Amino acid sequence: MAERARRKTVVGKVVANKTQKTISVAVVRRYRHPLYGKTLKRTSKFMAHDEKNECRVGDTVRIMETRPLSRLKRWRLVEVVERVK
């Protein structure tokens, strides 16, 4: 594992889990506008592989970049950070 390249990890919220072994994760990033300086929010949606179908909509999860698993899936579930009640 030490010789493997560092992979990106992000934390986001599950917005869909309708498909088998796949979740859709919304990741919010904040940045400052280059001219006006206002802090803005941008949301990116990633399809991630969930092998055990353990996530529900609303869960906060950590996902990691991986090899292409399908046409849209390039991320996989690492852990469920917080469960929804």
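Strands here are DSSP runs of E, at least two residues long, and they are numbered from the N terminus. The model I am working from is predicted.

Entry 1, Asp50. I looked up where Asp50 sits and found it in the loop that joins strand S3 (39–49) to strand S4 (60–65). I then asked which side chain of opposite charge is nearest to Asp50. That is Arg83, 7.6 Å away. A salt bridge needs a side-chain nitrogen of Lys or Arg within 4 Å of a carboxyl oxygen, and Asp50 has none, although Asp50 is buried.

Entry 2, what Asp50 reaches. I checked the side chain of Asp50 for backbone partners and noted the backbone nitrogen of Glu54 at 3.1 Å. I also listed the residues that Asp50 touches, leaving out those up to four places away in sequence. The list is Lys21, Thr22, Ile23, Cys55 and Leu77.

Entry 3, Lys21. I followed up Lys21 from that contact list. Lys21 belongs to the loop between strand S1 (9–16) and strand S2 (22–32). Its phi is positive, near 60 degrees, and Lys21 is not a glycine. I noted this because most residues other than glycine have a negative phi. Is Lys21 buried or exposed? Lys21 is partly exposed, because its relative accessible area is 34%.

Entry 4, Asn53. I went back to the loop between S3 and S4, where Asn53 is also found. Asn53, again not a glycine, has a positive phi of about 50 degrees. I looked up its accessibility as well: the relative value is 45%, so Asn53 counts as partly exposed.

Technical notes. Residues are numbered from 1 along each chain as its sequence is written. This is a predicted model: local features need pLDDT of at least 70, side-chain atom pairs count only at pLDDT 80 or more; totals for chains, interfaces and linings use all residues. Side-chain values use heavy atoms; hydrogens and water are left out. Buried means under 20% relative accessible area, exposed over 50%, partly exposed in between (1.4 Å probe, protein chains only). Lys and Arg count as positive and Asp and Glu as negative; His and the chain ends are not counted. A polar contact is a pair of N or O atoms within 3.5 Å; within protein, one must be able to donate a hydrogen and the other to accept it, and residues adjacent in sequence count only if both atoms are side-chain atoms. Contact means heavy atoms within 4.5 Å.
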